[in-house]
Amino acid sequence: MSIATVYSRAQTGMHAPLVSVEVHLSNGLPNFSIVGLPETAVRESKDRVRAAIINSNFEFPARRITVNLAPAELPKQGGRFDLPIALGLLIASKQLNENLTQGYEFLGELSLSGELRKTIGILPAAHACQIIGSKLITSIENKKELIPINHNTYFCASHLLDVCAHLNNIKKLVSEHYEISDQQNLAQSPMCDVYGQKRAKRALCIAAAGQHHVLMIGSPGSGKSMLASRFPSLLSPLNETEMLETCSVYSIANVSGQQRHPQSRPFRSPHHTVSAVGLAGGGSNPQPGEISLAHNGVLFLDEFTEFDRRALEILREPLETGMITISRAAAQVEFPARFQLIAAMNPCPNGCDINQYGQCECSAEQLKRYRNKISAPLLDRIDIQVSVPKLPTHTLFNSTVTPQQDW
Ligand SMILES: [Zn+2]
């Protein structure tokens, strides 16, 4: 029988639905076609697979090849189906025994020489495999992302030949956990290093304990950004479920997290020129935005009034529900977005130093226009508003108390 079925996984939002990769060889003029709603990168798979099979010293069948990715209505993206298609071809052409792939699922892009490359969004697929008890074989480049997964449920290979050797029991792949390097330190800059600003520190402590959103209002240079960047140190490390959710979002967005420790809470501080799509997520193939990358962590919006009002209004729904729904013609996907919002703004458009001069020099009309940039329903969702005054220099340099005592 010149037919083979190998299992793989697609990716829609945070889910990784099962995909059957069916390969059929029939008589007729040599041809290679892929059906089942493949996007461009999947259609190009046939050229990569052909070269990878030939360069791995296997025989590429000179027959009529049909590859079906089922279910047909599910959109398929990326090069992740290269490995299962290549294995399906080897089985259908009797170069590999079909029984050997039972209980396995495969994900990985192939290079022309047969090396396995990274798959974007591997973590939801690996978690789905863990739930149903099948073993995943993927590229060694994905190993770092698989930290939240039980290492007995996946194998990482670097070449198509390594996968075949494993399946044929010639040389087994070793399943081992990725070791976290020393640079990925869980410890963050602590809040207790900060001199003064007792009221702001107390407000942030209360916000950390009660998961409240905070708006800090203070003159330029008063330390708002510094206080916000130290806020994650007040939060507990991520638990296992939270770590899986947060790492899954980073895996799908293909964001490295800048040496982020997998258990540390994310801290995202997008620039105020960020677009609505950049903040909320989107695109024709929906990708998570900054609010989802801040899931289980902190979203810091500095210069709060300078953000595009349309982008800010998008925050209203996720601030309530902890989710963002993105609807596109092809699909509707949901991404998690349960974050703590820390916003910072100047008290007035000119950033007057109200402490030094006693009062602001801006006109009432200027102030009104400035404050109207933030809508009332959005302000309503921010539980704590705290003013962060600029401290006189002598309180910082002539202080007899250490920051640790200054609470
Ligand atoms: Zn002013």
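Let me begin where the two halves of this chain meet: 15 residues of domain 1 are in contact with 16 residues of domain 2, where contact means that the C-beta atoms of two residues, placed from the backbone, lie within 7 Å. On the domain 1 side of that meeting there are eight nonpolar, six polar and one charged residues; here Ala, Val, Leu, Ile, Met, Phe, Trp, Tyr, Cys and Pro count as nonpolar, Asp, Glu, Lys and Arg as charged, and the others, Gly among them, as polar.

I should say at once that this is a predicted model, in which local features need pLDDT of at least 70 and side-chain atom pairs count only at pLDDT 80 or more, while totals for chains, interfaces and linings use all residues. Residues are numbered from 1 along each chain as its sequence is written.

Domain 1 covers 3-167 and domain 2 covers 191-397, with bounds that come from an automatic or database domain assignment, and their centres, taken over C-alpha atoms, are 41 Å apart. The C-alpha atoms of the chain as a whole fill a box of roughly 90 × 45 × 30 Å along the principal axes. The chain has 16 helices and 18 strands, these being DSSP runs numbered from the N terminus, with H or I over at least four residues for helices and E over at least two for strands.

Turning to the interior, 39% of the 407 residues are buried, that is, 20 or more other C-beta atoms lie within 10 Å of their own, whereas 12 or fewer makes a residue exposed and anything in between partly exposed. Helix α3, residues 82-92, has 11 of its 11 residues buried, and just after α3 comes K94, with a positive phi of about 60 degrees.

What does α3 contribute to the largest nonpolar core? Its eight residues are the largest share of that core, which has 95 residues, with A86, L89, A126 and I291 touching the most other members. Such a core is a set of buried Ala, Val, Leu, Ile, Met, Phe, Trp, Tyr and Cys residues joined through C-beta atoms within 7 Å. This core draws at least three residues from each of the two domains. Leaving aside residues up to four places away in sequence, I291 touches L279, A280, L299, L315, P318, I324, A337 and F339.

Finally, why is S327, which sits in strand β15 (residues 323-327), classed as exposed? S327 counts as exposed because it has 10 C-beta neighbours inside 10 Å.
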